[in-house]
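Let's take a walk through this structure together, one piece at a time. Keep the picture open while you read.

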Number of protein chains: 4
Amino acid sequence: MRAAAELIAELGWGRVTTRAVAERAGLPHGTVSYHFRGKQELLIEAALQAFAQAMPIEHFAALGSVDDLLGLIAAEVGDPDALDPVVSRLLFEAMREAERDPALRGRLGTMLGDYRRLIVETVRAGQAGGAVFAGAPAEALATLLGAVGDGLLLQVLLDPDLDSAGAIEALRALLARS
Amino acid sequence: MRAAAELIAELGWGRVTTRAVAERAGLPHGTVSYHFRGKQELLIEAALQAFAQAMPIEHFAALGSVDDLLGLIAAEVGDPDALDPVVSRLLFEAMREAERDPALRGRLGTMLGDYRRLIVETVRAGQAGGAVFAGAPAEALATLLGAVGDGLLLQVLLDPDLDSAGAIEALRALLARS
Amino acid sequence: MRAAAELIAELGWGRVTTRAVAERAGLPHGTVSYHFRGKQELLIEAALQAFAQAMPIEHFAALGSVDDLLGLIAAEVGDPDALDPVVSRLLFEAMREAERDPALRGRLGTMLGDYRRLIVETVRAGQAGGAVFAGAPAEALATLLGAVGDGLLLQVLLDPDLDSAGAIEALRALLARS
Amino acid sequence: MRAAAELIAELGWGRVTTRAVAERAGLPHGTVSYHFRGKQELLIEAALQAFAQAMPIEHFAALGSVDDLLGLIAAEVGDPDALDPVVSRLLFEAMREAERDPALRGRLGTMLGDYRRLIVETVRAGQAGGAVFAGAPAEALATLLGAVGDGLLLQVLLDPDLDSAGAIEALRALLARS
DNA sequence: TATGAATGAGTTTTCATTCAT
DNA sequence: GATGAATGAAAACTCATTCAT
């Protein structure tokens, strides 16, 4: 499973071969077909398991404030040690694939929906406490935050020199301005 | 070329076959290898040409204000007729592929850099005129705007019911608040 | 064994898998290799045992006249309840396979030879009693009867609407005409 | 195509591999998939073409009497040079496969139906001329004749020493007896 | 110049059999 | 004795690219 997740990140979902997965895992390649119904099932399980390990829902549940959330995004995007670069690539690969595979779309959608709900609650709490701009619905701000996270992740993959920290600071300033 | 661009959007970069491209274009399939050095060259040319046609740099150059820019993003993301859904999918496919193909990365990077420069200028002008939050560098806000655009595009592809317009309204309110 | 026989009839000899047999029998699939030397041995035993149960030699031994024999053929061919359709399909599968597998050929040949001998005797008795056309050797008529049975069975499998009863009536009329 | 037909006869429908076909034909094995949509299509085309060549409908159309027909059956069944042994095996393989493949069933059914119609006409003419037993409907006798042909073919494949000629002589005597 | 048949490397999948537990 | 995970050989199929015509 780990081998599969790594290879999705390195080569892209569509270029992963069962042979390569088996080889990296040091296993004979018949094993893959023996344990999974097919390549797609293997990749889906590998990706979702990698997410569950790397981005445990508890991390998000523990967010006390929008500031913490921004810090988490900044760490994920900007700090090469915070989030395994494997995972961010994997996330995009999975999102891309999910467009075409309904099974993956369902499972990934559920997972991302859980995160989103926690973000909405965090934003709402911030607004109630006066720490966060209250001139827009919490749902809209949560969507915005999610989009910023994904968008920065994507752009940093393409241009590692991008000043993602600066962009997040700007967002923090925008949200905090009373 | 148009056939190739459509197929990248529909099937994903890696699943496009030269046969399918030729078939959709109504051309004999030896033609593809005859006119292009290989599949990759064909796809790169097709993608970049599609961008140049669908997102002409003049659209961005004509932006008078950050409000206009937000309107453009909202239209691209939210209005199915504004930006051919082919193009947004194509953009993600190309960004994904660019991670692995240096030739594509260079050409796509140049193109996106041009857009980015125009956005920075638009933001700076807005700050100078007092219409845009001045508490953060123009570069940081431009990065933020670009990330929001990409992030929303990506999320809408996965969940067409997402309220992207609300998120953009929230961003507009954040930026405009004096 | 019953599971194996059913699957030969349903899927064809060559498409039966040991896994499928074990699964239908509700047994762990290591069992198959444990109890039989290999797949071929299992299928041969299963087929021959199914024949022994479905077409016991006693049925043929009890035939009193050629008329009875024709009735038996008519029932096998025409009556879906007389002969389990599993068995007729199984018979053809086994005959096909026997062409290639000498071990099966020997055992199946012995079995069919036993039936044939009884048919010859029945015909001979009919000729002696004047009930059956005596202008041809009993062996030749027995061969003819066997061929008619197999041929009709085969054609009915392909075309269930075939009027097999009519053909047998015609044969009865031919044989009986004094 | 000839290679495929031969291999069906030699190995059985299910055991033919595209590799083996290509090898016998002296062609690289990618060729098979290039020219046919899949293995099944290749085998079906090969089998039907072999029948059309070996058992041209003209042979049956030219039958002047039931005696001629019996002669044809005797030749097919008994004379190794009359009907390529490839074709008789091929016929059984195709009939067996037709039970499972609707496309093949349709095409084979049409072909065999054409033969059957000609046999019915021949029998009817024989009855009208007084040369053939008239105590049974022509359709029933035609079915009987077809079944005898198929049944003998099948039994001769299993036991090459079977006296098929004797059985046909017996049938001739039965039919001719005024 | 243009075509499309041919090629063969590479992919996924199936499955009988082996064998450690 | 019994199990089922593991193995690897073999299968069908895909497809970019080559090249004779």
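Before anything else, a bit of vocabulary: two residues count as being in contact if their C-beta atoms, placed from the backbone, lie within 7 Å. Keep in mind, too, that what you're looking at is a predicted model.

With that in hand, look at chains A and B. All of the interface residues of chain B, 100% of them, are also interface residues in chain A, so the copies meet through the same surface. How do you get one copy onto the other? Turn chain B by 180° and shift it 0.2 Å along the axis, and it can be laid on chain A with an RMSD of 0.2 Å. The two copies are therefore related as by a two-fold rotation axis. If you'd like to find that axis on screen, go to Gly151(B): of the residues of chain B, its C-alpha comes closest to the rotation axis, at 2.0 Å.

Now zoom in on chain A by itself. It is divided into domain 1, covering 1–54, and domain 2, covering 55–178. Taken over C-alpha atoms, the centres of these two domains of chain A are separated by 26 Å. Where they touch, domain 1 of chain A puts in 14 residues and domain 2 of chain A puts in 17 residues. On the domain 1 side, the elements of chain A that give two or more residues are helix H1 (2–11) and helix H4 (39–54). H4(A) provides the largest share of that side, with 8 residues. And what sort of residues does domain 1 of chain A use to touch domain 2 of chain A? By class, that side has 11 nonpolar, 2 polar and 1 charged residues.

Next comes the DNA. Around DNA strand E there are 26 residues, and those that come nearest are Ser33(A), Pro28(B), Gly30(B), Ser33(C) and Gly30(D). Helix H3 (30–35) gives two or more residues to this surface in chains A, B, C and D, while helix H2 (18–25) does so in chains A and C. H3(D) gives the most, with 4 residues. Sorted by class, the surface near DNA strand E has 6 nonpolar, 16 polar and 4 charged residues.

Then move over to DNA strand F. Here, of 26 residues around the strand, Gly30(A), Ser33(B), Pro28(C), Gly30(C) and Ser33(D) come nearest. H3 of chains A, B, C and D gives two or more residues to the surface, and helix H2 (18–25) does so in chains B and D. The largest share, 4 residues, comes from H3(A). By class, the surface near DNA strand F has 6 nonpolar, 16 polar and 4 charged residues.

Key. Residues are numbered from 1 along each chain as its sequence is written. Chains are lettered from A and ligands numbered from 1 in the order in which they are written. This is a predicted model: local features need pLDDT of at least 70, side-chain atom pairs count only at pLDDT 80 or more; totals for chains, interfaces and linings use all residues. A residue is near a molecule or strand if its C-beta atom, placed from the backbone, lies within 6 Å of it. Ala, Val, Leu, Ile, Met, Phe, Trp, Tyr, Cys and Pro count as nonpolar, Asp, Glu, Lys and Arg as charged, and the others, Gly among them, as polar. Copies are superposed by least squares on the C-alpha atoms of residues with pLDDT of at least 70 in both. Domain bounds come from an automatic or database domain assignment.
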